[in-house]
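Colleague: I'm new to this one, and I keep tripping over the labels. Could you take me through them and show me how each is earned?

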Amino acid sequence: MDPVTLILILFVAALVLFATEWLPVDVTALGLLSALLLFGLLTPKEAFAGFGSDTVLTLASLFILTRVLLRAGVIEWIGAALARRSRSATGTLRALLGTVAGVSAFTSNTATTAVFLPVVAGMARRAGIPASRALMPLAFASILGGTITLIGTSTNLVVSGALPATGQKPLGFFELAWVGVPVAIVGLAYLFFVAPRLLPARDAQLEDSLRAYLADLTVAPGSALEGVTLRESGLGRDHGLTVVAVRRGEDTVYAPPASFRLLEGDTLTVEGPTERILAGKNTLGIVSKSEQKLQTGGDVRLVEVVVMPGSPLLGRTLREARFRERYGASVLALHRRARQVERLGRLRVQVGDVLLVQGGAERIDALGDHLVVLGDLTERQSDLKRAPLAVLLFAGAVLLGGLGVVPLGVAVVVAVALSLALRLITPEEAYGAVEWPVIVLVACMLAFGTAFEATGAAKVLTGALSGVLEPLGPYGLLAALFVVTVALTQPMSNQAAALVMLPLAIGTAKALGYDPRPFIIGITVAASNSFITPLEPSCMLVYGPGRYTFLDFVRVGAGLTLLTFVVSLLIIPRIWPF
């Protein structure tokens, strides 16, 4: 069979599989790569070159550096600081959305949405705003920010990495900002003033999926809580923690009033989700004394364990059962289905109680049959003491790569190596942070792009397209490519849609005598901004908690997509002439 015909058949088959997701996208990409090898359309060296490309290494390194920032609590600290300083619910939400867009310009938009999700949900609940009017704007803001820099989303990096093979220069670090910043500003204005009128009013289901724990936390010297009232502390308003009781010396005050003033050494019994308790420990200067007394070395894990029948803990308090001495681990908090207003230290353990336990890996593995591990939460812990170093490494890599002092790939790989050497992240966490399906997809599609050009299929297809699209003129061509790319991002991944459209756009532009650059930028912006369906990972994160329907995204996302389209068509030709 003619190589051109064969490659076009494979191209159509891949499109169908990407759209239907009958197979996972990475499996489809591997199947496509295998077909290229079996039919002799690529040599093994050409086929596997993508796996060693700087694009793939840069992507993997950025996934790891984003996890380093998350483990240091940097992004969460930013959200909490904004929530504390804003004076109105509306102002808080708008400040958070603007911050999310800014943070997302330099980190994964999915990770940004995941970190800010509990912050925004808690803020909405405390302000009396339906969560459904806050969570979708959160996801959309994170997507808008991704178009500002080269590393804002993996799609930008994928496009940039594929350009040299087509004879085009890679995208500059801030090149997309010329259109990305205006799109983000207009998009945020839409989320501030229009989206709330279109979104339904539904309460969040987020709290149903988070266990409410009781924890005893003591105000340490120099704590931000020392000398302030409970109202001034913002424990409930800003941190999502309910103060059940306060112990001072031998006295305990249950359900303390908002005017109760905290002092150094006070032990607060707080109730809240795991993430809120862990965040409070790191940002407010409150400590778990049981954790301080525990001496652990090496790999420290944080797990949820459920108390089973026959456990020697039953009917005893944790102190009476000598939990720390018996198991070599500390209990940071306890969850019980039936809520009790009681200090953690006085609660007698019952069957079905869930304990938040921290300890060395070997001791956790040896907890026994009567304490069953439900889940490992180790990666949810953050350590703000490491935040300055994490920010320094990330900012240094971005600055050196963005200014062209060293190639971006070199800068981020060195930053990852330093993060591992300084133990900001473990090797296991680093490997787990990489989104391997994206890596496989990108590497395989880069190989397909090589075959597409080498066989002449790109020339045949773009020749046919140029005949159809020539009457539209350059503006019409840009609009058509933008719309088709947006349409393709709905059923398939953004990266796949961009890689499918890229050679077609470049070839068609060249055939019609236009500069390919404005069409490359248009496809990148279109592929990175997917709002019409909830299939984008950031949207999927809020889909359940916000109790949205598919049509909710169509109703709100269509207007935002239209604005993105209009702003892009107005700006792109002025910055990158045809």
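Colleague: Let's start with Asn 109: why is Asn 109 called buried or exposed, whichever applies?

Modeller: Buried, because the relative accessible area of Asn 109 is 6%, and buried means under 20% (exposed is over 50%, partly exposed in between, with a 1.4 Å probe and protein chains only). Before we go on: this is a predicted model, where local features need pLDDT of at least 70 and side-chain atom pairs count only at pLDDT 80 or more, while totals for chains, interfaces and linings use all residues. Residues are numbered from 1 along each chain as its sequence is written, and side-chain values use heavy atoms, with hydrogens and water left out.

Colleague: Where is Asn 109 found, and what is Asn 109 in contact with?

Modeller: Asn 109 is in helix H7, residues 109-127. Helices here are DSSP runs of H or I with at least four residues, strands are runs of E with at least two, and both are numbered from the N terminus. Leaving aside neighbours within four places in sequence, Asn 109 is in contact with Ser 104, Ser 142, Ile 143, Gly 152, Thr 153, Glu 536 and Ser 538. Contact means heavy atoms within 4.5 Å.

Colleague: Ser 538 is on that list. What makes Ser 538 count as buried?

Modeller: Its relative accessibility is 0%, so Ser 538 counts as buried. Ser 538 lies in helix H25. Its contacts, neighbours within four places aside, are Asn 109, Thr 110, Thr 113, Ala 139, Ser 142 and Ile 143. Ser 538 and Thr 110 are 428 residues apart along the chain, with their C-alpha atoms separated by 4.7 Å.

Colleague: And Pro 534, where is that, and is it buried or exposed?

Modeller: Pro 534 sits in the loop between helix H24 (517-528) and helix H25 (537-543). Its relative accessible area is 3%, so Pro 534 is buried. Not counting residues up to four places away in sequence, Pro 534 touches Cys 539, Met 540, Tyr 543, Phe 550 and Phe 553.

Colleague: Now helix H26: how do you know that its length agrees with what is expected?

Modeller: Helix H26, residues 550-575, has 26 residues, which should span 38 Å at 1.5 Å a residue; the end C-alpha atoms are 36 Å apart, so the two agree. The expected span is 1.5 Å times one less than the number of residues. H26 also bends by about 35° at Gly 557, the bend being the angle between axes fitted to the seven residues ending there and the seven starting there.

Colleague: What does the same check say about helix H22?

Modeller: The 17 residues of H22 (residues 473-489) should span 24 Å, and the end C-alpha atoms are 24 Å apart, so that agrees. Among the buried residues of H22 are Gly 473, Leu 477, Phe 482 and Thr 489.

Colleague: Next, helix pairs. Why are H17 and H18 called roughly antiparallel?

Modeller: The axes of helix H17 (residues 387-402) and helix H18 (residues 408-421) come within 8 Å and cross at roughly 165°. That makes H17 roughly antiparallel to H18, because angles over 145 degrees count as roughly antiparallel (under 35 is roughly parallel, 65 to 115 roughly perpendicular, the rest oblique). Axes are lines fitted to C-alpha atoms, for helices over the stretch in contact, and angles run from 0 to 180 degrees between N-to-C directions.

Colleague: What makes H4 and H18 oblique, then?

Modeller: The axes of helix H4 (residues 54-71) and H18 come within 9 Å and cross at roughly 40°, so the pair is oblique. Residues of H4 that meet H18 include Thr 58, Leu 62 and Leu 65.

Colleague: And which term fits H4 and H20?

Modeller: The axes of H4 and helix H20 (residues 436-454) come within 10 Å and cross at roughly 165°, so H4 and H20 are roughly antiparallel. Thr 55, Val 56, Leu 59, Ala 60 and Phe 63 in H4 meet Val 438, Ile 439, Val 442 and Ala 443 in H20. Just after H20, Gly 456 takes a positive phi of about 90°.

Colleague: How many helices and strands does the protein have?

Modeller: It has 26 helices and nine strands. Of its 578 residues, 56% count as buried.
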